[in-house]
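Work through the exercises below with the sequence and the coordinates open. Each task is followed by its solution in steps.

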Amino acid sequence: MTVLDDTAPPDTQPAAYRWRWAALFVILAAEVMDLLDALVTTIAGPSIQAELGGSESLIQWLGAGYTLAMAVGLITGGRLGDLYGRKRMFMIGAAGFVAASALCAVATTPELLIGARVLQGLLGAVLLPQGLGLIKEMFPPKEVGTAFGAFGPVMGLSAVGGPILAGWLVDADLLGTGWRMIFLINLPLGLLALLGAAKFLPESRSEHASRLDLTGVALVSAAALLLLYPLVQGRELGWPAWTFAMMAAGLPVFALFGRQQIARRRAGGDPLVEPSLFRRRAFTGGLVAGLAFFSGMIGFGLAFSLYVQLGLGYSPLKAGLAGVPQSLGIVIGFGVAGGAGLTRRLGRRLLHLGLAVMAAATVGFVITLDLAGVGVAPWQLSPALGVFGLGMGLVMAPFFDIILAGVQPHETGSASGTLTAVQQLGSAVGIALLGTLFFNHAGFGPLGPDPASFADAMRLVLWVVAALLAVTSLAAFLLPRHARDEPPTP
């Protein structure tokens, strides 16, 4: 039963939920679990491969399997809460996420670990959307902004601390667990989240819940898998003709998904994505921009971790510390965008400014590699990484608000869920594409890794990232100039 404060006068809005701040803490704990698990295998991947065996594609699938499953699951995760209750689905998602984490920790083969990572992603997609719906119901309008504002610092701290924690856990080898501890740490976190949810989360569900579109889920899942599987496996298999055929087949399956969504809406059903959204220039531009941007960012993160660990010989902890300047830059970028009022004053121009900063940092990174040679030190990489992160923060701060300003109010829910799913899909594509490019150019000699080839592979990744930033910048011109609730500045 939902317990409400009973101090509000009868003529005012309904009183706020009594335990809303404790409930917010529970929701943020679940968010931390997801953010950590999205980051940890980037650092721990080489150590996992060294113990379990398998090819380089294992490192890619550890990230791509999780994010792809998350992308597909997020499309329907929120609707499960509408249909069956948000508290119930939150607890099911949390319990399942803990169980999947335990499976990851005891995995003895690459295949079992990848399967457990996919299960993690699916259950995370059940868990996370419930928190957003609960916040909107628990908090009065004047406090909603403060509640959602808590996500920024939590994401920033997770971005900074996640890779360091992962590297330390792998290096510390606590109780002889090695990399397995990065998953075992989810057990106490998840159990605390479950106990907190049982105590503090209110019962909540939508009065107008939409039915699930399982056919749409199957089509979009098939299309994404047709694209990603050959991208990851094609290099190791020698790029046989069927890999190109699979990638080509993904496009018509995506088109079939679009037609199925239109037909479902015309028949009076509830599509996964409102077909009218694709007639909005801002939304289609936002999809292209989001796919390109997050592909470049997450793919760069994987390539950088592989470069410093395999190419430069860094330990997992040192690799995590080497990425701190980028994480701090992201936090500063978010802070500058909000604190200095740049989001309100510049609107879309802030996106282009952030992308330009990132492009300059990318070129600076290449120049650093050229000047320092194969023996580049962490302090030499720090300036470019810090500026790169600063640009990321400037881009990400207004990104979703500006895109959503170009859709109608009744389309916002569908648009928001789709954009979040595209963010995860872009992450999976970036891991597959840039990871494959990196491994294709990085080489191993008789005495181990060839540092020069790893530097060349990193340069190639950086130029591809620069190209993806250019695509993002062009697509951003299709977006509204300002967010809906922010009046344009003369």
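Contact here means heavy atoms within 4.5 Å. The model is predicted, so local features need pLDDT of at least 70 and side-chain atom pairs count only at pLDDT 80 or more, while totals for chains, interfaces and linings use all residues. Residues are numbered from 1 along each chain as its sequence is written, and side-chain values use heavy atoms, with hydrogens and water left out.

**Exercise 1. Place Val-72 in its helix and list what Val-72 touches, not counting residues up to four places away in sequence.**

Step 1. Val-72 belongs to helix α2 (residues 57-84); helices are DSSP runs of H or I with at least four residues, and strands are runs of E with at least two, numbered from the N terminus.
Step 2. Val-72 has a relative accessible area of 14% and is therefore buried; buried means under 20% relative accessible area, exposed over 50%, and partly exposed in between (1.4 Å probe, protein chains only).
Step 3. Outside that sequence window, Val-72 touches Val-217 and Ser-221.

**Exercise 2. Do the same for Ala-166 and for Gly-435: is each buried or exposed, and what does each touch?**

Step 1. Ala-166 sits in helix α6 (residues 151-172) and is buried, at a relative accessible area of 1%.
Step 2. Beyond four places in sequence, Ala-166 touches Val-40, Ile-43 and Ile-182. The C-alpha atoms of Ala-166 and Thr-41 are 8.0 Å apart, with their positions 125 residues apart along the chain.
Step 3. Gly-435 is part of helix α17 (residues 412-441) and is buried, at 2% relative accessibility.
Step 4. With neighbours within four places set aside, the contacts of Gly-435 are Gln-60, Leu-302 and Gly-430.

**Exercise 3. Count the aromatic pairs and describe the one formed by Phe-300 and Phe-388.**

Step 1. Rings of Phe, Tyr and Trp (its six-membered ring) pair if their centres lie within 6.5 Å; planes under 30 degrees apart count as stacked, over 60 as edge-to-face and the rest as tilted.
Step 2. Under this rule there are 18 aromatic pairs.
Step 3. Phe-300 and Phe-388 have ring centres 4.7 Å apart and planes at 40°, so this pair is tilted.
Step 4. Phe-300 is in helix α11 (residues 281-311) and Phe-388 in helix α16 (residues 378-404), so the pair ties together parts 88 residues apart in sequence.
Step 5. Phe-300 and Phe-388 are both buried.
Step 6. Compare the pair of Phe-304 and Phe-365, which is edge-to-face, with 6.2 Å from centre to centre and 85° between the planes. Phe-304 lies in helix α11 and Phe-365 in helix α15 (residues 348-372), 61 residues apart.
Step 7. Phe-304 is buried at 5% relative accessibility, and Phe-365 is buried at a relative accessible area of 2%.
Step 8. Ring pairs also join Phe-293, Phe-294, Phe-399 and Phe-400 into a cluster.

**Exercise 4. Which residues of the largest nonpolar core touch the most other members?**

Step 1. A nonpolar core is a set of buried Ala, Val, Leu, Ile, Met, Phe, Trp, Tyr and Cys residues joined through side-chain atoms within 4.5 Å.
Step 2. The largest core has 102 residues, and those touching the most other members are Leu-113, Phe-300, Phe-304, Tyr-307, Phe-365, Phe-438 and Met-458.
Step 3. Helix α11 contributes the most to this core, with 14 residues.
Step 4. Apart from the largest core lies another, of 27 residues, including Leu-28, Tyr-66, Met-70 and Ala-125.
Step 5. Leaving out neighbours within four places in sequence, Phe-438 is in contact with Ala-303, Leu-306, Tyr-307, Phe-454, Ala-457, Met-458 and Val-461.

**Exercise 5. Follow helix α9 to its end and inspect the backbone beyond.**

Step 1. Helix α9 (residues 214-237) has 24 residues and spans 33 Å from its first C-alpha to its last, close to the expected 34 Å; the expected span is 1.5 Å times one less than the number of residues.
Step 2. A kink of about 30° is centred on Leu-231 in α9, where the bend at a residue is the angle between axes fitted to the seven residues ending there and the seven starting there.
Step 3. Gly-238 follows α9 and has a positive phi, near 85°.
Step 4. Trp-239 is not a glycine, yet has a positive phi of about 50°. Trp-239 lies in the loop between α9 and α10 (241-266) and is partly exposed, at a relative accessible area of 30%.
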